[in-house]
Amino acid sequence: MTNGSTSAAEQTTRAGDAGRYDAVIIGAGFSGMYQLHLLRDRLGLKARVIERGDGVGGTWYWNRYPGARCDSESHSYSYYFSDELLKEWQWSERYPQQPEIVRYLNYVADKLDLKRDIQFETSATAARYDEKANLWRVETDTGETVSAKYLITAVGCLSSANVPDIPGRDSFKGQWYHTGQWPHEGVDFTGKRVGQIGTGSTGIQAVPVIAETAKTLTVFQRTANYSIPAQNHPLSDEFKTWAKDSRDEIRRTMHASTNGHPFLISERKVFDVSAEERKAIYEKAWEVGGLRFRAEFQDLLFDKAANDTAADFLKSKIREIVKDPQKAKVLSDIDHPFATKRPPIDTGYFETYNRDNVSVVNLRETPIVEITETGVKTSDGEYELDIIVFATGFDAMTGSLLKLGIVGRDGVTLNKAWEAGPRTYLGVQAVGFPNLFTITGPGSPSVLCNMPVAIEQHVEWVANCIEKMETDGIDRIEPTEEAVTGWVDHVNEVANATLLPQAGHSWYLGANVPGKPRVFMPYAGGMARFRGICDGVAAKGYEGFVLSRDSADSRTEAVNA
Ligand code: NAP
């Protein structure tokens, strides 16, 4: 047992003795931990977290691949609900590395004494709504069933690894790994012939690190990608002091910003400035680095001609950095507008292709045919490999939810209800699943936002809603079909007003997983606007939801209709 947590055996006994809770929370990442804190410590509820890993961290517990680092700036990648946590914790770099984030989350879990209510090494295998008892019954792989009035899924948006089912994959005699299921003991690439499939945010972080020790690294690229240098660096004492002293101001900025970052999107438009000025702005933003680049102009995601100016600038940078013209051509042949797929940021990604031991294979020209015992075979021939790294992303936003085996009212499964794509109200609830709350679910800003900001908003909204239910003696909450349809239409409308759907192969659309319905999943209307909408809904007595109470003769009456 790691991290000083309660042993699974002790936990099992405790849960077995008293398997009835007010709330069961699935997942002990940023969301589940904060949800536990609010429900237990603010509302005084009996709450239990079920967590698959043997420690806290969620996404960051699993994504231990080489180079794993957060793309949000560390001073914004923190819980902001507690001044004490903000004052005590100190990040070391502009962008925190995975081990530092896991250390941070352990610090928070210990500080708030959360681990005693987290049942580690336990997966939820089914969650059924018992209508008569108005309880969610959650079955686990440890053979227990726990039940609660409220079920909160805090399973993360990017937790269900997508390992492509390439013919012959299991015949490979070397080792293969998915970046999201990385071995805790690490992987030694020294002297090995490594193949990496995938060039998203993850792959782009992994390439420079793997290349340092591998004998050869062959990158199999299906879609060329933009990337902006992170310009990572250790934080100066001056900055650390400023971040602590300015936490109220930083919080205000994050809450006011579209993407929950500690900077606002500029009000200027691309063609408000001359070509020379624009070039200078892009050059400066490149030097500053990171996601701030896309905040330089307000119309980059709305106007294709405006976007082209950023895209052309970034492609020219690739051609400047990568010395081999053939490699440069493959890497800069990008087919989608800038930032319509999640924009990666990197540390020496394109520079790594100047190493003799690194090559790139253009899968658009020579697709993978199969994986053989000895390597990857494309239409152009076989690449012999010792290790294959799948940096192939996730069954995002819905994958982990649909794996939970959720069965709602009248025996309808979530998988059935979302057959044609996820349908939620505010990303938090779905019709037919009373008292089931989804943290940063599809239909919420989630992955388009700095995650802790999106998480805090959703977790607090859910806690406030539950508090009202408990205070007013409400038995259940569920959205109306009308509210869900209205919200799904709104989510589509705001996405379609942007260039985001133009990246037809994006995971935002579910396009990376064969057979997944193509629905734009995150809410692109901006975090600040979303927060206002959610607050408004609550202020109007949970408009769009039906809150109901069982009467003494077992009739159910709506109390806010
Ligand atoms: P991703 O963005 O989905 O990228 C997956 C890559 O694998 C893409 O290049 C994709 O190509 C390729 N791929 C997938 N299936 C393939 C197949 N069958 N054959 C060949 N290529 C295949 O996944 P990711 O890089 O793990 O990133 C996912 C998200 O996680 C990010 O967008 C970001 O939100 C988050 N993330 C955050 C951080 C951070 O904050 N530091 C770091 C990493 C990831 P196509 O593009 O053609 O599909």
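**Exercise 1. Place the second largest pocket relative to the two domains, and describe its lining.**

Step 1. In this predicted model, domain 1 (8-160 + 396-474 + 525-544) and domain 2 (169-390) each contribute residues to the lining of the second largest pocket, so the pocket lies between them.

Step 2. The volume of this pocket is about 510 Å³, and of the 26 residues that line it, Thr 258, Asn 259, Ile 265, Leu 301 and Phe 302 are the closest to its centre.

Step 3. Sorted by class, the lining of the second largest pocket consists of 16 nonpolar, seven polar and three charged residues.

**Exercise 2. Work out which residues, elements and domains line the largest cavity.**

Step 1. Searching the whole structure yields six cavities of 30 Å³ or more, and the largest cavity holds about 180 Å³ of space.

Step 2. The largest cavity is lined by 16 residues, of which His 75, Leu 86, Trp 89, Trp 91 and Ala 243 are the closest to its centre.

Step 3. Helix H4 (83-88) and helix H7 (237-245) are the elements that give two or more residues to this lining, and the largest share, four residues, comes from H7.

Step 4. At the level of domains, domain 1 (8-160 + 396-474 + 525-544) and domain 2 (169-390) each supply at least three residues to the lining of the largest cavity, whose classes are 10 nonpolar, three polar and three charged residues.

**Exercise 3. Determine what lines the second largest cavity, and how its residues divide by class.**

Step 1. The second largest cavity has a volume of about 80 Å³, and its lining includes Pro 422, Arg 423, Thr 424, Trp 487, Val 488, Val 491 and Phe 520.

Step 2. By class, the lining of this cavity divides into eight nonpolar residues, three polar residues and one charged residue.

**Exercise 4. Check the span of helix H16 (residues 481-496), and decide how its buried residues are arranged.**

Step 1. At 1.5 Å a residue, the 16 residues of H16 should span 22 Å, and because the end C-alpha atoms are 22 Å apart, the two values agree.

Step 2. The buried residues in H16 are Ala 483, Val 484, Trp 487, Val 488, His 490, Val 491, Val 494 and Ala 495.

Step 3. When H16 is viewed down its axis, these buried residues fall within an arc of 160°, so they line one face of the helix.

Step 4. Turned away from that buried side is a face of H16 that carries the exposed residues Glu 482, Glu 493 and Asn 496.

Note on methods:
Residues numbered from 1 in each chain as written. Predicted model: local features only at pLDDT ≥ 70, side-chain atom pairs only at ≥ 80, totals over all residues. Heavy atoms only, no water. 1 Å grid on protein atoms, 1.4 Å probe; cavity = no way out; pocket = protein on both sides within 12 Å on 5 of 7 lines; lining within 4 Å. Points joined across faces, edges and corners; volume = space filled by probe spheres on them. Nonpolar A, V, L, I, M, F, W, Y, C, P; charged D, E, K, R; others polar. Domains from an automatic or database assignment. Expected span 1.5 Å × (residues − 1). Buried < 20%, exposed > 50% of the residue type's maximum accessible area, 1.4 Å probe, protein only. Arc of directions from axis to C-beta.
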